[in-house]
Amino acid sequence: MIKVAVTGAAGRMGSGIIRKITEQEDMEVVAAIEIPNSPLAGKDAGVQAGAGELGVEIVGSEKLEETLKATKPDVLVDFTIAPAAVETIKTATACGVNIVVGTTGFTEEQMASNIKNVEDNKVGAVISSNMAIGVNVFFNTLKKLAPLLYDFDIEIIEAHHNQKKDAPSGTAMTAFEVIAESLGRDPEEVGVYGRQGMVGKRTPEEIGIHAIRGGDIVGDHTVLFVGDGERIEVKHQAHTREVFIAGVIRAIRYVPTAEKGVVSSMNDVLGLE
Ligand SMILES: NC(=O)C1=CN([C@@H]2O[C@H](COP(=O)(O)OP(=O)(O)OC[C@H]3O[C@@H](n4cnc5c(N)ncnc54)[C@H](OP(=O)(O)O)[C@@H]3O)[C@@H](O)[C@H]2O)C=CC1
Ligand SMILES: O=C(O)C1=N[C@H](C(=O)O)C[C@H](O)C1
């Protein structure tokens, strides 16, 4: 039985992950963590997630370390917010717990800290901006396509629900990094985030990144390769969060056996590439 702790247990992703784990025969939720001093503390995590009583009480993250030591999970799954996730990763890895992290919006420094904690504490880890199989095929497609269309103008557009806090999405940023790397361009130099005012003519090297927010859009990502007289659009649309959750379940099964001290990708989990 794989024992799982979930941070962000009452969130859109966290509650969906708890529901899905209760349907699996080989894993169980042993800890459910919410914001520090959460008003949900003491509530049953399964009831809160709409999965029926689990006998696991939600705790505030001020009790993360003692909860991990008491419940000894094999894996901690984090879908919260970047600054909180950095602290959670630090604590979980120091306790020797493998991690599956889907939280987005990390700065470069925050991601470097996450990687160092995984390396120093020699735990298994999967950190990915998007756990859906389709998106990971989309990333691999972009990697192959971009060098063939190197002289086309490239623009990335993402659209999400009106509750999303970070922008651009982690997935848009991964797509941008994959494309820039495959073209040998420095992401620091070529990223243009939205345009406003007298920005001047578009340079051939720049890659535009644009964020739309509205209603209940689960997650759309489109990359436009625009030439003179023709264009290609590569688009992924998530219709339901279940596609991310299915990837999380695969990552939970993968990470206890993953190479320790290394951050594995969803390509590793899904056996892609
Ligand atoms: N990799 C992927 O496939 C996907 C990634 N995501 C990413 O996952 C993250 C969460 O998304 P979503 O579930 O929609 O967001 P929600 O806001 O619905 O959920 C986040 C939850 O984390 C809680 N939280 C905040 N700080 C802490 C803390 N220190 N300890 C424990 N819990 C905390 C929040 O509490 P409160 O609301 O009270 O602040 C909330 O319940 C985002 O970064 C999003 O971009 C989303 C979907 C797929
Ligand atoms: O916040 C979301 O909802 C999502 N976030 C991830 C991101 O920032 O890329 C993944 C997915 O698009 C949904």
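**Parallel sheet and packed helices**

In this predicted model, 7 strands (DSSP E runs of at least two residues, numbered from the N terminus) form an open sheet with parallel pairing, in the order 3-2-1-4-5-6-12. Two strands count as paired if DSSP finds at least two bridges between them. Strand 3 (58-60) and strand 12 (262-264) are the edge strands; each has a single partner strand, so one side of each lacks a neighbour in the sheet. The average turn between neighbouring strands is 25°, direction ignored. Strand 12 pairs with strand 6 (residues 124-127) in the parallel sense over 3 bridges, and glycine 124 stands opposite valine 262.

Helices are DSSP runs of H or I with at least four residues. Helix 1 (residues 12-22) packs on the sheet, touching strand 1 (2-7), strand 2 (27-34) and strand 4 (75-78), and its direction makes about 160° with that of strand 2. Contacts require C-beta atoms, placed from the backbone, within 7 Å; angles run from 0 to 180 degrees between N-to-C directions of lines fitted to C-alpha atoms, for helices over the stretch in contact. Helix 3 (residues 64-71) lies across strands 1, 2 and 3, at about 165° to strand 2.

In helix 4 (residues 82-94), the buried residues (20 or more other C-beta atoms within 10 Å of their own, placed from the backbone) include Ala85, Val86, Ile89 and Ala92. The buried residues of helix 4 pack against strand 1, helix 3, strand 4, strand 5 (98-101) and helix 5 (108-121). Glycine 96, which follows helix 4, has a positive phi near 80°.

Residues are numbered from 1 along each chain as its sequence is written, and chains are lettered from A and ligands numbered from 1 in the order in which they are written. In this predicted model, local features need pLDDT of at least 70 and side-chain atom pairs count only at pLDDT 80 or more, whereas totals for chains, interfaces and linings use all residues.

Note on methods:
Two residues are in contact if their C-beta atoms, placed from the backbone, lie within 7 Å. The expected span of a helix is 1.5 Å times one less than its number of residues. A residue is buried if 20 or more other C-beta atoms lie within 10 Å of its own, exposed if 12 or fewer, and partly exposed in between; C-beta atoms are placed from the backbone.
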